[in-house]
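Please read the following account with the sequence and the model side by side. The walk begins at one loop residue and then widens to the helices, the peptide bonds and the chain as a whole.

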Amino acid sequence: MGGYGDVQMIDENGIRMDGRTAGDIRPVLINAGIIPVADGSAEVIWGNNHVVAAVYGPMEAHPRKIQKQDRAVLDVRYNMAPFSTTDRIRPGFNRRSREISKVTAEALESVVLTELYPRSKIRVEIEVLTAEAGTRCAGITAASVALADAGIPMTDMVISVASGKINGVVVCDLNKEEDNYGEADLPMGVCANSGELVFLQMDGDLSPEEFQVAWDYNMGAIAPVHEIMIEALKRSNGGDE
Ligand code: CDP
């Protein structure tokens, strides 16, 4: 969120640098079951983002101090590969990856029936192979598909997308230049069927009217991405859902 007003990212006809109009999302491709040794897995290619998620468990939670007597815990680890951006990312956990892992776990705990697995943990690994803004969203989306692929009982699937503001215009699904030089970023995670909001962060300033437009763009992206998730799961299960 640089907020550099002099970087022109949308032209007078409302066309963005990557050719999209304000309300377009980037192309989304999802494959499930891509890591045979995992209990569930998925890859999400969202624009130039490439994110892989793997799920292991439920298994006994270790160390015991992390156990919850009445439910499973989601042990989520979001990581950007060192080669995922032009500046090499230092390997290992940092403040940003801890924050994203935490909000991802909280979003997913809203839909996973954790009470079915007391004292257990479900390990969710999210690895960003290529990053081009919105990786936390692609990660949550990939993890949802991977959990479903693992057969973990869930009430719904979470889809996440980040709209925002560039050059004073609210646009859907920010790309990297828009995220870096734009004025605001609103990532949201929404349950596909219930429409319930399970994750929201906001960086920068939006007026109430602009917030509403960004909200509507994020909500509008949920159904089409949900379709792509379902198709991926059907392919991975040999045609059965
Ligand atoms: O990826 P997301 O939009 O969820 O998170 P961000 O912190 O807003 O980062 C936006 C983008 O900046 C990332 O997707 C990467 O392309 C880039 N970035 C980077 O190059 N190096 C970092 N250490 C963090 C982010």
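Ala 133 is a good place to begin, and it sits in the loop between β5 (120–130) and α2. The model is a predicted one, and in it the phi of Ala 133 is near 75°, a positive value in a residue other than glycine. Is Ala 133 buried or exposed? Its relative accessibility is 14%, and because a residue is called buried when that value is under 20%, Ala 133 counts as buried.

A comparable case can be found further along the sequence, where Asp 173 occupies the loop between β7 (169–171) and α3 (176–181). Asp 173 is not a glycine either, yet its phi is positive, at about 55°. With a relative accessibility of 3%, Asp 173 also counts as buried, so the cut-off of under 20% is met here too.

The loop that holds Ala 133 leads into α2, and the geometry of this helix can be checked by simple reasoning. Helix α2 runs over residues 135–149, and at 1.5 Å a residue its 15 residues should span 21 Å; the C-alpha atoms at its ends are 20 Å apart, which agrees. How many of the residues of α2 are buried? The helix is mostly covered, with 14 of its 15 residues buried. Just after α2 comes Gly 151, which takes a positive phi of about 75°.

Helix α1, over residues 95–109, can be treated in the same manner: 15 residues at 1.5 Å each should span 21 Å, and the end C-alpha atoms are indeed 21 Å apart. Its buried residues are Ser 97, Ile 100, Ser 101, Val 103, Thr 104, Ala 105, Ala 107 and Leu 108. In reading such a list it helps to recall that an α-helix has 3.6 residues a turn, so residues three or four places apart point the same way. The cover over the buried residues of α1 includes β4, β5, α2, β6 (158–166) and β9 (197–200).

Two peptide bonds also deserve attention. One of them joins Gly 57 and Pro 58 in the cis form, with omega at about 5°, and Pro 58 belongs to strand β3 (residues 49–60). Another cis peptide bond joins His 62 and Pro 63, with an omega of about -5°; Pro 63 lies in the loop between β3 and β4 (73–80).

These local features can now be placed in the whole chain, which has four helices and 10 strands. Along the sequence, these elements follow the pattern β-β-β-β-α-β-α-β-β-α-β-β-β-α. The radius of gyration of the protein chain is 18 Å, close to the 18 Å that the globule rule gives for 241 residues, so the chain is as compact as a globular protein of that length. Taken along the principal axes, the C-alpha atoms fill a box of roughly 55 × 40 × 35 Å.

Of the contacts in the protein chain with a separation of 6 or more, 67% are between residues 24 or more positions apart. Buried residues make up 48% of the 241 residues. The chain exposes about 11100 Å², and carbon and sulfur atoms supply 50% of that area. As for charge, there are 22 positive and 36 negative side chains, and the centres of these two sets lie 11 Å apart.

How values were computed: Residues numbered from 1 in each chain as written. Predicted model: local features only at pLDDT ≥ 70, side-chain atom pairs only at ≥ 80, totals over all residues. Heavy atoms only, no water. Helix = DSSP H or I, 4+ residues; strand = E, 2+ residues; numbered from the N terminus. Expected span 1.5 Å × (residues − 1). Buried < 20%, exposed > 50% of the residue type's maximum accessible area, 1.4 Å probe, protein only. Rg over C-alpha atoms; globule rule 2.2 N^0.38 Å. Contact = heavy atoms within 4.5 Å. Areas by Shrake-Rupley, 256 points an atom, 1.4 Å probe, with all protein chains shown as cover. Lys, Arg positive; Asp, Glu negative; His and termini not counted. Charge placed at Lys NZ, Arg CZ, Asp CG, Glu CD.
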